[in-house]
Amino acid sequence: MFRRDILSWWLRPTFLRAWGHRQDTLFAGPWVGEFGWELMNWQGFVRKLSRGYSRTLVCCPEGHEALYADFATEIHPHNLKGIAECNVMRGVRNPEEWDRIRALIPERCDHLKPLGYQPFSRQEFIRFGTRQPESSVDVLFHPRGRSFGTDRNWSPENWSALLEKLHASGYRAGCIGLRDATLSVPGEFLDLRDKPLSATLDIIASSRLVVGPSSGPMHLASLCNTPHVVWTDTVKYARGRTNRDKYEAWWNPLGTSVCVLDEYGFSPPPDIVFKQIIGLLKHPDV
């Protein structure tokens, strides 16, 4: 189903049902929802489904190609613009991009459109990223600075205070994210922002610990099997799940070590965050 103001698919296609017939080619996408939902409810689902096809064509947001590189026959990036919510996009501003995408879909194929929640049993996850000693830091932080949901952005002063404590304790810090979506933080750290996703995955996989408010990079840490400290609220989101539920179990398919701080919402004191970081860093497996 497509309208000029919304991309939304809800019905399970017949080829996914027990009595359904499958073609030789799978066209998956375009994925139009949130990054976290793409990571935990889509890319793993498409990967497992691809095992039953001769060819798998994936249409994903520009820059996300690394999520599908291990199994996709072809990857077609798109630039659909709108407001992503779970597995849908609202307020589509460039419907002509959808016209371009439709021309890529083969006549004889199974077209898998974005679905919602998928249990782990329907998905196949891999551990992303390759450990590289030259990219290794003790603490990798993501200073979220998006204009959307500014209440989730920790202040530069808080980040600076945390970095000072880490530096005084002899820990090496690094920063990831996009410059136009992260805060300018004073302090001593290795600036690793604006890297391609494939490089960022290697950086996360090479680090001992990732720190930040609930965001896409924190879910990436889970799929790189890198321990992380994340702070969030206690609100129940999609399917009645809190972010604690997501990080600890519901969206943690690899069983990655995580410390969730939700007592203080998105404004925990730097001292509390530092204490949790030290606790994880002193664990023998971190």
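## The parallel sheet

Strand 3 (residues 25-28) runs alongside strand 4 (residues 55-61), and the two pair in the parallel sense over 4 bridges. One point of contact between them is easy to find: Leu26 has Thr56 in strand 4 as its bridge partner. This is a predicted model. Strands of a sheet pair through backbone hydrogen bonds, either parallel or antiparallel.

The pairing belongs to an open sheet of 4 strands. Their order is 5-4-3-8, and the pairing is parallel. Which strands sit at the edges? They are strand 5 (74-78) and strand 8 (110-112), and each pairs on one side only. From one strand to the next, the twist averages 15 degrees.

## Helices on the sheet

Helix 2 packs on this sheet. It touches strand 3, strand 4 and strand 8. The direction of helix 2 makes about 175 degrees with that of strand 3.

Helix 3 (residues 95-102) lies across strand 3, strand 4, strand 5 and strand 8. Helix 3 runs at about 165 degrees to strand 5.

## A covered helix

How many residues of helix 6 (residues 216-223) are buried? The count is 8 of its 8 residues. They are Gly216, Pro217, Met218, His219, Leu220, Ala221, Ser222 and Leu223.

What do these buried residues pack against? The partners are helix 1 (35-41), helix 2 (43-50), helix 5 (197-206), strand 12 (209-213), strand 13 and helix 7 (243-250). Helix 2 is thus named twice in this report: it packs on the sheet, and the buried residues of helix 6 pack against it. Just after helix 6 comes Asn225, which takes a positive phi of about 60 degrees.

## Aromatic pairs

A pair of aromatic rings is described by the distance of the centres and the angle of the planes. In this model there are 12 aromatic pairs. One of them joins Phe141 and Trp159. The rings are 5.2 Å apart, centre to centre, with 35 degrees between the planes, and the pair is tilted. Phe141 lies in strand 9 (residues 139-141) and Trp159 in helix 4 (residues 156-168), so the pair ties together parts that are 18 residues apart in sequence. Are these two residues buried or exposed? Phe141 has a relative accessible area of 2%, so it is buried. Trp159 is at 1%, so it counts as buried.

Trp154 and Trp231 form another tilted pair, at 4.6 Å centre to centre and 50 degrees between the planes. This pair links distant parts of the chain, 77 residues apart. Trp154 sits in the loop between strand 9 and helix 4, while Trp231 is in strand 13 (residues 228-231). Trp154, at 1% relative accessibility, counts as buried. Trp231 is buried too, with a relative accessible area of 0%. The residues of both pairs join Phe189 in one aromatic cluster: Phe141, Trp154, Trp159, Phe189 and Trp231.

## Charges over rings

Two lysines sit over aromatic faces. Lys165 lies over the face of Phe274, 5.9 Å from the ring centre. Lys246 lies over the face of Trp251, 4.4 Å from the ring centre.

## A glycine in the loop

Where is Gly145? It lies in the loop between strand 9 and helix 4. Trp154 is in that loop as well. Gly145 and Asp180 are 35 residues apart along the chain, and their C-alpha atoms are separated by 7.8 Å. Leaving aside neighbours within four places in sequence, Gly145 is in contact with Asn153, Ala181, Thr182 and Leu183.

Conventions
Residues are numbered from 1 along each chain as its sequence is written. This is a predicted model: local features need pLDDT of at least 70, side-chain atom pairs count only at pLDDT 80 or more; totals for chains, interfaces and linings use all residues. Side-chain values use heavy atoms; hydrogens and water are left out. Rings of Phe, Tyr and Trp (its six-membered ring) pair if their centres lie within 6.5 Å; planes under 30 degrees apart count as stacked, over 60 as edge-to-face and the rest as tilted. Buried means under 20% relative accessible area, exposed over 50%, partly exposed in between (1.4 Å probe, protein chains only). A charge sits over a ring if NZ of Lys or CZ of Arg is within 6 Å of the ring centre and within 35 degrees of the ring normal. Contact means heavy atoms within 4.5 Å. Two strands pair if DSSP finds at least two bridges between them. Axes are lines fitted to C-alpha atoms, for helices over the stretch in contact, and angles run from 0 to 180 degrees between N-to-C directions.
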